[in-house]
Amino acid sequence: QLPADKKMKRPYHATMTTASKSKPKIKRFRDPLSPKPILDRAALAKALRSNGVSLKDHQLDSFYQLLHRSGYPPLREFVAELRGGGDRGSVASACDNDGGSVSVAEGSGTGSSNFRTKNAISSRPGRRPQLPKSFLSYLADNIDDYATLTSKVQMHRTSEDGTTTKIVVELQDKHVVESVLMRHEGRVTICVSSQVGCAMGCTFCATGTMGMRGNLSQGEILEQLVHGSRILARSTSSDEGEASDDEMIESTTIPEEERSKKRRGRNKRPDLIRNVVFMGMGEPLNNYSNVLATCRALIDRRLWNLSHNRVTVSTVGVPARMRDLTRDLPEVNLALSLHAPDQETREQIVPAAKGAPVESLIEALDEHMMALAKRKLMGNRNPQQGGDRDGNFAVGTAEFNVEERQSASKKKRAMIEYVMLEGDTSTIEAAHKLGKLCEGRHLVVNLIPYNKTDVKDKLACPSEERMQEFRRIVSSYGSFCSIRRTMGADIAGACGQLVVEQEKGQSSVGDIEDGPFRKDGVGKRP
């Protein structure tokens with residue numbers, strides 16, 4: 001018999017309660033992707049090079065263009081038709097004289113698209129991009145190593161008013177991320193995730209309670225848009241074909257000319273994603289290369305074809321990466337999640353803020369806002385005035401006058417996100433501090449009413465009167481300040497809410513039909 005001080009301790013699992021055993025097991029890491037997302041362009045290009053497959057950039061562009069305009073069909077089916085193996089005739093192919101490439105008729109596209117694309121398929125004759133046979137043979141020989149979509153929609157909820165849909169996307173390694181579709185007047189915005197979990201640890205954020213589990217690849221981020229587009233197309237088609245009571249009244253009481261104007265307005269159907277914001281789970285700038293590649297795909301005219309100012313990258317504050325984004329892609333919007341007007345207060349609610357002084361973040365944000373104006377000014381400079389070793393001229397943001405700053409501000413390429421929490425960060429004093437911090441810069445400030453989440457600290461949103469007073473004070477310092485409209489509060493719309501609820505085994509996720517969702521089936525499990 002062992003001495004008392006040498007006796008073995010009871011194993012941890014023997015001391016667990018019945019309730020703790022019933023909780024789902026949480027993975028704290030990501031598995032290697034197999035199959036790999038075909039939408040991960042950099043990974044595919046690397047694999048082609050390592051296998052000796054020669055492919056020019058414009059040829060790879062053509063491949064992704066066809067895949068996008070075909071509605072992202074299964075890869076096996078898509079490749080078979082590109083090689084001429086299908087009988088549907090949707091992709092015509094013919095070998096050229098040297099037998100080394102396949103000519104693809106772009107005007108038809110593979111299969112039937114299950115959502116409408118913004119860039120209509122070209123019908124001009126003679127547009128036949130050349131895809132090398134070696135490339136198509138590589139895809140056919142390795143068809144099990146890649147997939148068009150490696151994730152799936154686990155569930156989705158639509159709010160009672162029909163404006164917001166929360167999408168839970170299950171990745172192939174069983175991790176789960178969230179996306180949100182937000183329907184506004186004549187446009188739709190999707191909020192996407194860039195990581196599983198988050199390392200920033202914001203005290204008011206549900207995702208911050210998960211910890212960091214891994215990055216999403218470029219393909220996994222883009223797949224969220226494919227899932228969102230399909231859900232959007234289904235919900236839009238289900239709403240068509242029936243005339244409302246108002247429309248019936250209009251047909252008899254409103255003159256034809258006015259009715260035609262109304263019809264033209266209705267023709268702008270909200271079935272296209274026109275805005276993308278990286279404000280879902282994760283810190284986008286900590287997954288910089290994949291987020292940057294995704295942004296470039298979003299603004300690519302051959303793919304998602306979004307305007308530069310329709311793409312917004314949000315960050316808690318990674319100064320070096322903020323400047324990298326300004327250098328690499330200054331045309332897209334940059335939003336700083338500030339949430340407090342001074343360093344000491346910010347560190348209490350954003351633990352990662354300790355290495356990033358507020359002043360340096362504001363300066364980096366200001367540089368992003370003025371980047372295009374700075375480039376234009378440098379272009380007008382005489383080269384003999386000198387520049388840095390890269391040939392760039394030193395132009396400080398202080399050189400711009402009020403009119404130039406106001407012009408840049410209207411483009412909203414630099415924004416401050418400020419969640420409104422009851423307490424020190426929403427006082428009158430805090431409003432003046434925030435106003436002074438932005439004074440003279442003409443930054444855009446968005447005040448975000450706190451959407452209650454299941455976090456350790458018991459937090460609440462200030463009253464509407466307090467938020468309006470806060471907005472008025474910040475605006476008095478020259479910034480454009482607005483209060484963002486709350487959307488999705490009845491469907492756990494805040495970042496990471498559904499995933500955290502699911503991991504805790506809460507029944508609100510287990511049976512979504514019990515929630516305040518639409519009765520037409522859109523909010524049910526797909």
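# Why each term applies in this model

Mentor: The count of disulfides comes to zero.
Trainee: What makes a disulfide by this rule?
Mentor: A pair of cysteine sulfur atoms must lie within 2.5 Å. By that rule the chain has zero disulfides.

Trainee: What kind of model is this?
Mentor: A predicted one: local features need pLDDT of at least 70, side-chain atom pairs count only at pLDDT 80 or more, and totals for chains, interfaces and linings use all residues. Residues are numbered from 1 along each chain as its sequence is written, and side-chain values use heavy atoms, leaving out hydrogens and water.

Trainee: Why is Cys191 called buried?
Mentor: Buried means under 20% relative accessible area, exposed means over 50%, and partly exposed is in between (1.4 Å probe, protein chains only). Cys191 has 10%, so it is buried.
Trainee: Why is Cys461 called partly exposed?
Mentor: Its relative accessibility is 29%. That value falls between the two cut-offs, so Cys461 counts as partly exposed.
Trainee: What share of the chain is buried?
Mentor: Buried residues make up 50% of the 526 residues.

Trainee: What makes a nonpolar core?
Mentor: Its members are buried Ala, Val, Leu, Ile, Met, Phe, Trp, Tyr and Cys residues, joined through side-chain atoms within 4.5 Å. The largest one here has 95 residues, and Phe63 and Phe278 touch the most other members. Helix H9 (residues 288-299) gives this core its largest share, seven residues. Another core lies apart from it, with nine residues, including Cys198, Met200, Val316 and Val350.
Trainee: Why would such side chains gather?
Mentor: In soluble globular proteins, nonpolar side chains tend to be buried together.

Trainee: Which residues does Phe278 contact, leaving aside neighbours within four places in sequence?
Mentor: Contact means heavy atoms within 4.5 Å. Among the partners of Phe278 are Val192, Ile221, Val291, Leu298 and Val313.

Trainee: How do you know what counts as a helix?
Mentor: Helices (H or I, at least four residues) and strands (E, at least two) are DSSP runs, numbered from the N terminus. The chain has 18 helices and 16 strands.

Trainee: Why are H3 and H4 called oblique?
Mentor: Start with the axes: lines fitted to C-alpha atoms, for helices over the stretch in contact, with angles from 0 to 180 degrees between N-to-C directions. Under 35 degrees is roughly parallel, over 145 roughly antiparallel, 65 to 115 roughly perpendicular, and the rest oblique. Helix H3 (residues 57-69) and helix H4 (residues 75-82) pack at about 120 degrees, with axes 12 Å apart. That angle is in none of the named ranges, so H3 and H4 are oblique. Phe63, Leu66 and Leu67 in H3 meet Leu75, Phe78 and Leu82 in H4.

Trainee: Why are H9 and H10 called roughly parallel?
Mentor: The axes of H9 and helix H10 (residues 319-328) cross at roughly 30 degrees and come within 12 Å. The cut-off is under 35 degrees, so H9 and H10 are roughly parallel. Tyr288, Leu292 and Arg296 of H9 make the contact with Arg321, Asp324, Leu325 and Asp328 of H10.

Trainee: What makes H2 roughly perpendicular to H5?
Mentor: Helix H2 (residues 41-50) and helix H5 (residues 133-141) have axes that cross at roughly 105 degrees and come within 12 Å. The range is 65 to 115, so H2 is roughly perpendicular to H5. Here Leu44, Ala47 and Leu48 in H2 meet Phe135, Tyr138 and Leu139 in H5.

Trainee: How do you know that Tyr450 is buried?
Mentor: Its relative accessible area is 9%, under the 20% limit, so Tyr450 is buried. Tyr450 sits in the loop between strand E15 (444-449) and helix H16 (464-475).
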